[in-house]
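User: Please take me through the charged contacts and the strand pairing of this model, giving the reasoning behind each answer.

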Amino acid sequence: MKKALIYFTIALFTAASCGKETPAPAQRWSQERANAWYAEQEWPVGFNYVAATAINQFEMWQAESFDPETIDYEMSKAEELGFNTVRIFLHDMVWEADPAGFKQRIDAFLGICRSHGIKTIVTFFTNGGRFENPQLGKQPESIQGIHNSQWIQSPGAPSVNDPASWPRLERYVKDILTTFRDDDRILFWCLYNEPENFKQGAQSLPLLREVFKWGREANPSQPLSSPLWICPGAHGTRSNFPIVSFLGENCDIMTFHCYYGPEEMETFISLMKQFGRPMVCQEYMGRPRSTFEEIMPILKRERVGAISWGLTAGKCNFHLQWSSKAGDPEPEIWFHDIFRLDGTPYSQREVDFIRSMTQDKNMN
């Protein structure tokens with residue numbers, strides 16, 4: 001009897017010890033927790049950002065081209081607009097080459113943003129852009145007339161479609177999440193941008209499932225999300241409903257993209273409301289069909305975060321249309337961006353309107 005009691009005690013101790021070493025992954029935030037978190041925030045209003053001196057994520061984050069002076073100046077311009085949120089894109093290859101340095105540069109970026117009253121949305125993976133044997137180091141020059149000519153997928157379709165490459169990606173995601181898991185300079189994590197975008201052959205759903213699993217295991221204090229790319233049923237396109245369903249069942253807060261006019265924005269918001277969670281439009285504003293004047297009032301009225309694309313017309317040429325061609329001159333009507341390189345606005349009227357919308361960011 002004593003021997004049995006000893007064995008039973010050892011078993012209990014072992015189970016308790018194992019439980020401490022390998023806790024169960026965190027669960028998706030409840031609607032109540034997500035909405036309580038959102039109620040503590042100002043209206044998230046801001047922009048997707050790449051420094052004007054960077055052609056892509058490599059130039060943005062590599063030690064030799066990381067540009068805190070430009071970042072500080074551009075964040076000061078964003079602060080003048082009343083923006084309080086910036087969205088950035090990381091890259092797994094920069095982390096792999098220099099994990100410690102990469103995290104130091106992220107920390108420096110977050111510090112600059114905080115000094116201007118701006119919180120950060122951090123994006124890990126994206127299916128947008130190209131992946132043609134990208135190399136770290138000096139990057140290709142900007143091509144006059146071409147919108148975003150050197151943007152790089154992360155991790156790239158070959159890795160997305162190859163589970164053997166995922167352990168490296170898991171180490172990357174968990175390292176960043178664990179390092180900054182309690183950092184209040186980060187608003188939330190965008191784990192995977194445009195998982196529905198199959199243009200370069202990335203079949204994202206299996207990796208998307210894993211990324212959310214890694215996120216739950218890291219259990220950051222900030223919410224996790226990934227955006228719906230296209231309003232289901234719009235523009236004659238067929239939505240990838242397995243991915244849409246997965247996002248609806250796993251995101252702490254709901255995020256989406258909409259570069260179209262007021263009618264579609266209203267439709268998209270109505271659809272997203274059904275999830276009963278906070279909403280952030282992570283990408284909008286592509287003149288002339290999607291403008292600040294038309295879209296910002298809708299997002300503010302509906303308490304939807306408003307994250308437009310671009311700030312300064314720099315090396316990425318975001319101010320050019322998606323369909324622009326090499327050698328095209330600067331268009332009369334810009335597509336994205338707000339400021340020229342010298343800091344003057346593309347449209348003073350537009351800047352004045354943005355300031356009028358951001359003057360009061362209290363959602364309660």
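**Strand pairing and salt bridges**

Three bridges connect strand β1 to strand β2 (residues 85-89), and the two strands run parallel. The model is predicted.

User: Which residue in β2 is the bridge partner of Phe47?

Analyst: Strands β1 and β2 are joined by three bridges in a parallel arrangement. Within that pairing, the residue of β2 that partners Phe47 is Val86.

User: Which residue in β8 does Asn48 stand opposite?

Analyst: Strand β1 (residues 45-48) is also joined to strand β8 (residues 305-309), by four bridges and again with the strands running parallel. Across this pairing, the residue that stands opposite Asn48 is Trp309.

User: How many residues apart are Lys103 and Asp175, whose pair links distant parts of the chain?

Analyst: The side chains of Lys103 and Asp175 meet in a salt bridge, with N to O at 2.8 Å. Lys103 belongs to helix α6 (residues 99-115) and Asp175 to helix α8 (residues 166-179), so that the pair links parts of the chain whose separation, counted in residues, is 72.

User: Which helix holds Glu217, the residue that pairs with Lys174 in helix α8?

Analyst: Glu217 forms a salt bridge with Lys174, and their closest N and O atoms are 2.5 Å apart. The two residues lie 43 residues apart in the chain, with Lys174 in helix α8 and Glu217 in helix α9 (residues 205-218).

User: Is Lys174 buried, partly exposed or exposed?

Analyst: Its salt-bridge partner, Glu217, has a relative accessibility of 34% and counts as partly exposed. For Lys174 the relative accessible area is 23%, and because the buried class requires a value under 20% and the exposed class one over 50%, Lys174 is partly exposed.

User: What is the relative accessible area of Arg349?

Analyst: Arg349 forms a salt bridge with Glu293, the closest N and O atoms being 4.0 Å apart. This pair links helix α12 (residues 292-301), which holds Glu293, to helix α13 (residues 348-358), which holds Arg349, across 56 residues. Glu293 is partly exposed at 28%, whereas Arg349 is exposed, with a relative accessible area of 65%.

User: Which residues are joined into one network by salt bridges that share partners?

Analyst: Side chains that carry opposite charge can pair when their charged atoms come close. The structure holds 21 salt bridges. Where salt bridges share partners, they join into one network the residues Glu266, Lys273, Arg301 and Glu302.

Note on methods
Residues are numbered from 1 along each chain as its sequence is written. This is a predicted model: local features need pLDDT of at least 70, side-chain atom pairs count only at pLDDT 80 or more; totals for chains, interfaces and linings use all residues. Side-chain values use heavy atoms; hydrogens and water are left out. Buried means under 20% relative accessible area, exposed over 50%, partly exposed in between (1.4 Å probe, protein chains only). Two strands pair if DSSP finds at least two bridges between them.
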